[in-house]
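Here's a look at how the rings and the nonpolar core are put together in this model. Have the structure open while you read.

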Amino acid sequence: MLRITILLSMKISFLFLSGFSSLSEATETRFKHVIIDSDGPSRMWAKAVGDFNGDGLIDLWVAGEEGAFWYENPTWTKHRILSKDYTLHGATTGDIDNDGDIDIITGSWKGRKVYWLENPGKGLGIWNIRTVFDQLPSDAIYVTDLDGDGDLDIIGRSSAHFAGEVGKYVHIWRQDSPTSWADFTTFAGGGEHFNIGDIDKDGDMDFVVANRWYENPSYISNDWDEHIFTNKWMHLAAYPFVADINQDGRLDIILTPTEKKGQYYKTAWYEAPADPQSNGWTEHVIEKNVECVTHTLEVADIDNDGDLDVMTAEMHQSSDPDEVRVYINKDGGGLSWTKYVVATTGSHYAHLLDVEPDDDYDIFGANHRGKAVDLWVNLIRSPKRSRDRN
């Protein structure tokens, strides 16, 4: 069932964060709330986005206790692709078998497996579920060509909070073929989550765990050199993101705390020095007092002014209100931020994407308690498009 709630000209509440300069002119940030499905599967731990039917529009995917479904943009027609609960956690998308369509890569806590779900073409029909690896529940997972051989490899990890010793390792699965994978592991310690990016700008993907980044040896192995980039972030359960916040050509690292309820830490970004292997990354705090229940962090130019902004969201476990937040990078250098609360219903593993498409970023997500699949459509008047019309 499709139900749409429209908040026309909704003024999103905002506050200026302490320690930063105030704005001379406040920007009104607007989003339209769309409930894609009011009866989604319960306990939606996994979400992903991708053009599953090849029509040029980004579709939405969720998985929960009643199976897995994708929603066809723009009608949001609901398509079932799995008929039972695999307890899927964490997901990403990519063309694993190089056949021209988008597959889904995810992990199961119940089955303790990593899967890729094979798109049958146009997203319609039976999606075959292929096993990549046994014995590992996966929370965070990415695909990229780690060894430069032209196919997609998989990198993932579990939560050390909930999976114990197995969560202290990042696993890399080298694709030898879509049905043959070689497993490699790198010890990364406690906590949970990670992100990938070319930190040292040498043409291959490294990965970040809390206050450390691990250097890709340029071939897939068990040995990735660890570099501690800051001693000012000590909370190991952290969601990182790699992006150039201050537009200086170097990749910075943004961090927000993920566990546990009732604990408070900060959301901050760390400015990369000329030598990324050094410990001289400068800390810039975005918000000081953040409850440690944020399992969403993505970075993009949300207000379309040419610099990067930050989006986070609290899960339902947080003290009310459960915020879906946008931090606007007001000076372009990451030293002045304005926080906008887009919603107070929270979200989990939310994503930024352009659904219309109209060259701005919208927010898709769902909390794993409750059954609503949410979309917040960005209504910001684009400075870029305004200039183009002139």
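Start with a charge on a ring: the charged end of K78 sits over the ring of F69, 4.6 Å from its centre. The test for that is NZ of Lys or CZ of Arg within 6 Å of the ring centre and within 35 degrees of the ring normal.

A word on ground rules. This is a predicted model, where local features need pLDDT of at least 70 and side-chain atom pairs count only at pLDDT 80 or more, while totals for chains, interfaces and linings use all residues. Residues are numbered from 1 along each chain as its sequence is written, and side-chain values use heavy atoms, with hydrogens and water left out.

On to ring against ring. Rings of Phe, Tyr and Trp (its six-membered ring) pair if their centres lie within 6.5 Å; planes under 30 degrees apart are stacked, over 60 edge-to-face, and the rest tilted. That rule yields 14 aromatic pairs, including these two:

| Pair | Centre to centre | Angle between planes | Type |
|---|---|---|---|
| Y86 and Y115 | 5.8 Å | 80° | edge-to-face |
| F207 and Y214 | 4.8 Å | 15° | stacked |

Y86 and Y115 link distant parts of the chain, 29 residues apart: Y86 is in the loop between strand 6 (77-82) and strand 7 (88-94), and Y115 is in strand 9 (residues 113-118). Strands here are DSSP runs of E, at least two residues, and helices are runs of H or I, at least four, both numbered from the N terminus. Both tyrosines, Y86 and Y115, are buried, where buried means under 20% relative accessible area (1.4 Å probe, protein chains only).

In the stacked pair, F207 is buried with a relative accessible area of 0%, and Y214 is buried at 1%. Ring pairs also join F207 and Y214 with Y142, F194 and W224 in a cluster.

F207 turns up again in the largest nonpolar core, which has 45 residues: I155, F207 and I254 touch the most other members. Such a core is a set of buried Ala, Val, Leu, Ile, Met, Phe, Trp, Tyr and Cys residues joined through side-chain atoms within 4.5 Å. Strand 19 (residues 238-243) gives the most to this core, with 5 residues. Leaving aside neighbours within four places in sequence, I155 is in contact (heavy atoms within 4.5 Å) with residues including Y142, F194 and F207.

Zooming out, the chain has 2 helices and 29 strands. Of its 390 residues, 60% count as buried.

Notes:
Buried means under 20% relative accessible area, exposed over 50%, partly exposed in between (1.4 Å probe, protein chains only).
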